[in-house]
Amino acid sequence: MLLNKRRREAEKEKRQGMRQAGRFNAQLMDHIRPMILPGISTGHIDRIIHDYTLDHGHIPACLNYQGYPKSCCTSVNEVICHGIPSDDVLREGDIVNVDLTSIVNGWHGDQSESFLIGHVSDQARAVVQCAFDCLYAAIDAIKPNCRASDIGTAIVRIAHERGFSVVKDYVGHGVGRKFHQDPTISHIPTPEGRRQRLYPGVTFTIEPMINVGVRDGVQDEADGWTVRTKDGKLSAQFEHTIMMNQDGPEILTLTKNGPQKGHQF
Ligand code: MF3
Ligand code: CO
Ligand code: CO
């Protein structure tokens with residue numbers, strides 16, 4: 001009896017903690033979105049993220065995470081993920097994914113968006129649109145106690161229909177007191193995903209990386225982080241932190257001013 005009560009209280013604390021972390025992270029995304037324009041360096045975006053997070057009494061989760069040197073990831077054009085902010089300037093025609101994670105009272109909020117810098121090619125726009133549509137198709141496909149592989153099934157269907165590939169080697173993840181925890185959320189269907197159920201209370205990310213060409217990536221040997229497409233073609237990504245509730249998924253990192261479900265880029 002007492003144990004059940006304690007468990008319920010812990011669940012409630014988790015729900016509140018994760019909602020708060022997601023809300024702050026989304027507010028941070030709203031803060032930086034207007035600044036992502038031609039001429040800004042990714043390092044400048046990183047400093048704004050770092051300072052805003054500290055000014056609000058929170059912690060950038062990426063900073064020093066397994067030795068990572070910055071407070072966010074900025075992945076430009078052919079970079080699939082984990083691009084390190086630098087003095088490099090965003091230019092008209094680029095696409096850039098900005099991936100933000102904050103720790104708020106010990107809980108993590110994790111999300112990313114891809115941005116079009118000025119006018120971009122039709123192909124750049126299409127791959128960004130596809131990554132966005134894949135994320136929402138996956139959210140629409142899940143319900144309490146469904147299989148984690150329902151996510152990958154929904155994503156692969158859309159991406160392949162449009163002639164794009166889905167990155168296999170980088171995945172979504174459980175998120176909570178830890179940045180990366182169980183379950184693994186693959187963006188393609190896998191045997192492990194077919195065994196894994198998304199029960200009410202689980203908090204996790206969905207973060208499909210969609211490539212114009214091959215799905216494989218190569219990690220930069222010099223910096224140990226940056227992952228580029230093997231063929232040098234474009235890659236785009238969107239990410240939300242999700243909580244599975246009794247009545248379906250809740251997006252914890254939804255922004256007020258960012259692209260909403262159905263958005264056309
Ligand atoms: N935010 C990324 C994710 O979605 C992880 C970045 S880890 C870092 O899981 F160390 F590169 F920041
Ligand atoms: Co993530
Ligand atoms: Co992330």
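User: What makes β12 and β15 count as paired strands?
Analyst: Two strands pair if DSSP finds at least two bridges between them. Strand β12 (residues 209-211) is joined to β15 by three bridges and the two run antiparallel, with Met209 standing opposite Gln237 in β15. Three bridges meet the requirement of at least two, so the strands are paired. The strands themselves are DSSP runs of E with at least two residues, helices are runs of H or I with at least four, and both are numbered from the N terminus.

User: What kind of model and numbering does this rest on?
Analyst: This is a predicted model, in which local features need pLDDT of at least 70 and side-chain atom pairs count only at pLDDT 80 or more, whereas totals for chains, interfaces and linings use all residues. Residues are numbered from 1 along each chain as its sequence is written, chains are lettered from A and ligands numbered from 1 in the order in which they are written, and side-chain values use heavy atoms, with hydrogens and water left out.

User: Which strands of this sheet are called edge strands, and why?
Analyst: The sheet is open, with three strands in the order β7-β12-β15 and antiparallel pairing. Its edge strands are β7 (165-166) and β15 (235-237), each of which pairs on one side only.

User: How do you know that helix α3 packs on this sheet?
Analyst: Helix α3 (residues 122-141) touches both β12 and β15, where contact means heavy atoms within 4.5 Å. The direction of α3 makes about 145 degrees with that of β12; such angles run from 0 to 180 degrees between N-to-C directions, along axes fitted to C-alpha atoms, for helices over the stretch in contact.

User: How do you know which residues coordinate the cobalt ion (ligand 2)?
Analyst: Donors are N, O and S atoms within 2.8 Å of the metal (3.2 Å for Na, K and Ca), and sites may look incomplete because water is not among the atoms. Asp110 (OD), His173 (NE2), Glu207 (OE) and Glu239 (OE) coordinate this ion at 2.0 to 2.2 Å. These distances are within 2.8 Å, so the residues count as donors.

User: Why is the site of the cobalt ion (ligand 2) called irregular?
Analyst: Six donors count as octahedral if opposite donors are over 155 degrees apart and all others between 65 and 115; four count as tetrahedral if all angles lie between 85 and 135, or as square planar under the rule used for six, and anything else is irregular. The six donor atoms here make angles of 51 to 160 degrees. An angle of 51 degrees is neither over 155 nor between 65 and 115, so the site is irregular.

User: What makes Asp110 a bridging residue?
Analyst: Asp110 bridges the cobalt ion (ligand 2) and the cobalt ion (ligand 3), which lie 3.3 Å apart. Asp110 and His173 also link distant parts of the chain: Asp110 is in strand β5 (residues 107-116) and His173 in strand β8 (residues 172-174), 63 residues apart.

User: What makes the arrangement around the cobalt ion (ligand 3) irregular?
Analyst: This ion takes donors from Asp99 (two OD entries), Asp110 (OD) and Glu239 (OE), at 2.0 to 2.5 Å. Its six donor atoms subtend angles of 57 to 167 degrees, which makes the arrangement irregular. Asp110 lies in β5 and Glu239 in the loop between β15 and β16, so the pair ties together parts that are 129 residues apart in sequence.

User: Why are Asp110 and Glu239 called buried, and what is Glu13 called?
Analyst: Buried means under 20% relative accessible area, exposed over 50%, and partly exposed in between (1.4 Å probe, protein chains only). Asp110 has 2% and Glu239 has 1%, so both fall under 20% and are buried. Glu13, in helix α1 (residues 2-32), has 46% and therefore counts as partly exposed.

User: How do you know that strand β4 is largely enclosed?
Analyst: Ten of the ten residues of β4 (residues 95-104) are buried, so the rest of the structure largely encloses this strand. Both faces are covered: buried residues include Asp99 on one side and Leu100 on the other. Ten bridges join β4 to β5, and these strands run antiparallel. Another five bridges join β4 to strand β2 (residues 72-76), also antiparallel.
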